[in-house]
Structures are given as structure tokens and as C-alpha cells.
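Work through these exercises with the structure open beside you. Try each task before you read its solution.

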Amino acid sequence: MTTDLLKTEGLTKTYPLPGGARHTAARDVTFTVPRGGSLGIVGESGSGKTTVARMLVGLIRPDEGGIHIEGRPRAPRTPRGRTARLARAREIQMVFQDPYISLDPRLTAAQCVRTALRLHGREDSHAETLLDQVGLGTREAGARPRELSGGQRQRLAIARSLAVDPKVLVLDEAVAALDVSIQAQILRLLTEIRAETGVALVFVSHDLAVVQHVTEEVLVMRQGEVVEQGPTSRVLTSPQHPYTHLLLTSVPTKNWDPEKATRAREAIG
Ligand code: ADP
Ligand code: MG
């Protein structure tokens with residue numbers, strides 16, 4: 001029997017509302033990702049995607065439900081002790097929409113990657129390979145975050161995450177702030193990296209068009225709930241839920257009809 005690499009069961013997170021009620025940001029989110037697999041999480045803004053991503057990496061704690069890595073429960077909060085903390089970080093790494101927040105402005109790209117390598121007891125010399133793997137050359141290796149373009153900064157954030165040699169890479173709207181042509185480059189890079197390293201991807205995006213290029217499975221969220229999940233190709237070609245259909249008609253393609261998208265949105269309420 002093969003155990004799944006990543007498995008969530010009934011992940012639920014609520015936030016307090018004024019007056020004592022609670023707002024459910026995510027409810028009963030259950031999925032599995034096989035070793036080296038790829039899962040897209042899509043939905044409109046506010047549907048609970050980031051909440052799920054943050055529960056996966058441990059930035060927020062679920063009210064209910066659990067996360068398993070290779071059949072073992074993931075520690076619900078940052079463990080005490082350096083070894084346990086580092087081991088936990090190697091399970092799941094996260095890349096955010098804005099890498100400025102997570103990159104140290106004082107460190108060059110090479111220093112940034114070396115710092116992550118050293119922290120995890122790996123050889124400094126991997127830095128060059130990692131930077132090369134994400135398409136950053138010698139000039140970029142010596143540059144600080146503000147001297148890099150948005151796409152290059154995101155490449156650096158990916159290299160730094162890979163330095164940890166994670167089992168899962170969670171990317172939350174990681175290409176949302178980039179130009180379409182740069183988006184395409186980063187998406188191709190992610191596909192290459194998955195093939196080369198075997199890292200599993202959880203790719204969070206409001207944009208179904210983006211998700212289809214990098215994921216085999218997709219999960220569609222609406223108002224905190226999973227309304228549909230399945231193989232990306234199937235969900236895109238024959239969506240079972242009206243909301244997925246709506247998301248598809250909302251993607252501005254060549255044949256996009258804003259009138260139709262607006263009518264579909266109104267119909268679903
Ligand atoms: P998405 O990433 O899909 O845009 P989020 O997971 O960020 O959605 O948010 C889901 C819902 O939870 C939203 O209604 C949002 O306002 C609410 N929410 C998220 N974080 C918090 C928080 N820290 N406090 C209160 N409400 C929150
Ligand atoms: Mg979000």
C-alpha cells in the first residue's frame with residue numbers, strides 16, 4: 001500500500017465576528033497529494049484558499065481537522081527545539097505572492113540561498129546549482145532583492161524554498177503579481193522543478209487558466225467550502241458544479257464574453 005505524501009482531513013478554520021458569531025473561512029477541507037504530485041486550489045478572492053495554505057504550512061492552526069505527511073500527523077504548531085523545527089520546515093515550504101516580505105533585503109541572491117542551505121546543514125556549494133535551476137545567472141546571484149525584477153525575485157524565493165529540500169512546496173498566488181509572459185516562464189519553471197526534484201506542488205490561485213498549466217488535480221473552493229475536486233483536465237472540460245462553470249466563463253480568453261460572465265454570476269447568487 002502506498003501512503004499519500006500529503007493528506008488533509010476536515011480542515012476547518014473560523015474567525016470571530018463582531019457580536020460573538022463566527023465566520024467560517026474554511027470548512028471540512030479534505031484532500032490528498034501523492035508523492036511528487038500537484039494540486040491546484042482555485043476560487044474567487046475570499047473563498048478560503050490562503051486560509052488553507054496557511055494551515056498547511058502552520059502559520060495558522062485549524063479549529064478542526066488534521067494534516068498528515070507520509071502517514072504521520074504534522075505537528076499542529078511550531079515545535080520546540082531546533083532539530084524538530086527544521087524537520088518540520090523540510091516537510092512543507094511556502095512561496096508567497098510578494099517575495100519582498102520574506103526575502104532579507106540585505107542579502108544577495110547567493111547569500112540568501114546559502115543561508116537557507118547552512119541552516120539545514122546542507123553544503124553551501126548547492127547554491128550555484130539551485131540558482132541555476134531557477135534560471136538565475138551570475139549577475140543575479142550577486143544582486144539584492146531590490147536589484148531584481150519581480151519574476152527574478154520570485155525565482156529566488158523558489159530557490160530559497162528548494163534549498164531546504166522540502167517534500168511539498170505551497171505557492172499562494174505566486175504568479176499573480178507578474179506579467180503574463182513572466183507568469184508563463186515561472187509556470188514552466190515549476191513544472192521542470194517538479195520533474196527534476198520530485199517535490200510536490202500545492203498551487204493556490206484565483207486563476208483557473210494558470211492552475212491548468214501546473215497541476216494534475218484541482219480543488220475548487222467557494223465561500224470556504226470545497227465544491228468540486230478532480231483531475232484538472234476533467235474539471236476544466238466538464239465542470240460538475242455551476243460555480244466551477246462560472247469560474248471558467250470568467251476567465252478572459254479570446255472568446256471571453258463579459259456579458260455572459262456577468263449573467264452567470266448573477267444566476268448563481
Ligand atoms: P482567499 O485566499 O481565497 O482570497 P482567505 O483565505 O484569505 O481567502 O479568506 C477567506 C475568508 O476568511 C475571507 O472572508 C476573509 O475575510 C476571512 N479571513 C481571512 N483571514 C482572516 C483573519 N485573520 N481574521 C478574520 N477573517 C479572516
Ligand atoms: Mg488568498
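**Exercise 1.** Is Val-175 buried or exposed? Give its surroundings too.

Solution. Keep in mind that the model is predicted.
- Step 1: Find the residue. Val-175 sits in the loop that links strand E7 (168-172) to helix H7 (180-197).
- Step 2: Apply the cut-off. Buried means under 20% relative accessible area. Val-175 has a relative accessible area of 3%, so it is buried.
- Step 3: List the contacts. Leaving out residues up to four places away in sequence, Val-175 touches Gln-183, Ile-186, Leu-187, Phe-203 and Val-210.
- Step 4: Compare sequence and space. Val-95 is 80 residues from Val-175 in sequence, and their C-alpha atoms are 10.0 Å apart.

**Exercise 2.** What is the strand order in the open sheet of 6 strands? Trace its edge and the helices there.

Solution.
- Step 1: Read the order. It is E6-E7-E8-E3-E9-E10, and the pairing is mixed.
- Step 2: Mark the edges. Strand E6 (92-95) and strand E10 (225-231) each pair on one side only.
- Step 3: Check the turn. On average, neighbouring strands of this sheet are turned by 15 degrees against each other, direction ignored.
- Step 4: Look at the E6 edge. E6 pairs with E7 in the parallel sense, over 4 bridges. Here Val-95 stands opposite Leu-171 in E7.
- Step 5: Add the helices. Helix H2 (residues 82-91) packs on the sheet and touches E6 and E7; its direction makes about 65 degrees with that of E6. Helix H6 (residues 150-163) also lies across E6 and E7, but runs at about 170 degrees to E6.

**Exercise 3.** Is Ser-161 buried or exposed? Find what it touches.

Solution.
- Step 1: Place the residue. Ser-161 is part of helix H6.
- Step 2: Use the accessibility. Ser-161 is at 2% relative accessibility, so it counts as buried.
- Step 3: Name the contacts. Beyond residues up to four places away in sequence, Ser-161 touches Gln-93, Met-94, Val-95, Pro-166 and Leu-169.

**Exercise 4.** How many residues of strand E3 are buried? Work out which way they point and which strands flank E3.

Solution.
- Step 1: Count. In strand E3 (residues 38-42), 5 of its 5 residues are buried.
- Step 2: Recall the rule. In a regular strand, side chains alternate between the two faces of the sheet.
- Step 3: Sort the residues. Ser-38, Gly-40 and Val-42 point one way; Leu-39 and Ile-41 point the other way.
- Step 4: Take one neighbour. Strand E8 (residues 200-205) runs parallel to E3, joined by 5 bridges. Ile-41 has Val-204 as its bridge partner in E8.
- Step 5: Take the other neighbour. Strand E9 (residues 217-222) is joined to E3 by 4 bridges, again parallel. Val-42 stands opposite Val-220 in E9.

**Exercise 5.** Why is helix H1 described as largely enclosed by the rest of the structure?

Solution.
- Step 1: Count the buried residues. H1 (residues 49-57) has 7 of its 9 residues buried, so the helix is largely enclosed by the rest of the structure.
- Step 2: Name some of them. The buried residues include Lys-49, Val-52, Met-55 and Leu-56.
- Step 3: Look past the end. Gly-58, just after H1, takes a positive phi of about 95 degrees.

**Exercise 6.** Which strands stand at the edges of the open sheet of 4 strands?

Solution.
- Step 1: Write the order. It is E2-E1-E4-E5, with antiparallel pairing.
- Step 2: Pick the edges. Strand E2 (22-33) and strand E5 (72-73) each have a single partner strand, so one side of each is left without a neighbour in the sheet.
- Step 3: Inspect one pair. Strand E4 (residues 64-69) pairs with E5 in the antiparallel sense over 2 bridges. His-68 has Pro-73 as its bridge partner in E5.

**Exercise 7.** Which elements each supply at least two residues of the lining of the largest pocket?

Solution.
- Step 1: Take the volume. The largest pocket holds about 560 Å³ of space.
- Step 2: Find its centre. Among the 22 lining residues, the closest to the centre are Ala-89, Ile-92, Gln-93, Met-94 and His-120.
- Step 3: Assign the elements. H2, E6, helix H3 (109-119) and H6 each supply at least two lining residues.
- Step 4: Sort by class. The lining has 11 nonpolar, 7 polar and 4 charged residues.

Methods:
Residues are numbered from 1 along each chain as its sequence is written. Chains are lettered from A and ligands numbered from 1 in the order in which they are written. This is a predicted model: local features need pLDDT of at least 70, side-chain atom pairs count only at pLDDT 80 or more; totals for chains, interfaces and linings use all residues. Side-chain values use heavy atoms; hydrogens and water are left out. Buried means under 20% relative accessible area, exposed over 50%, partly exposed in between (1.4 Å probe, protein chains only). Contact means heavy atoms within 4.5 Å. Two strands pair if DSSP finds at least two bridges between them. Axes are lines fitted to C-alpha atoms, for helices over the stretch in contact, and angles run from 0 to 180 degrees between N-to-C directions. On a 1 Å grid over the protein atoms alone, a cavity is a set of points where a 1.4 Å probe fits but cannot get out, and a pocket is an open set with protein on both sides within 12 Å along at least five of seven lines; lining residues have an atom within 4 Å of a point. Grid points are joined across faces, edges and corners, and a volume is the space filled by probe spheres set on the points. Ala, Val, Leu, Ile, Met, Phe, Trp, Tyr, Cys and Pro count as nonpolar, Asp, Glu, Lys and Arg as charged, and the others, Gly among them, as polar.
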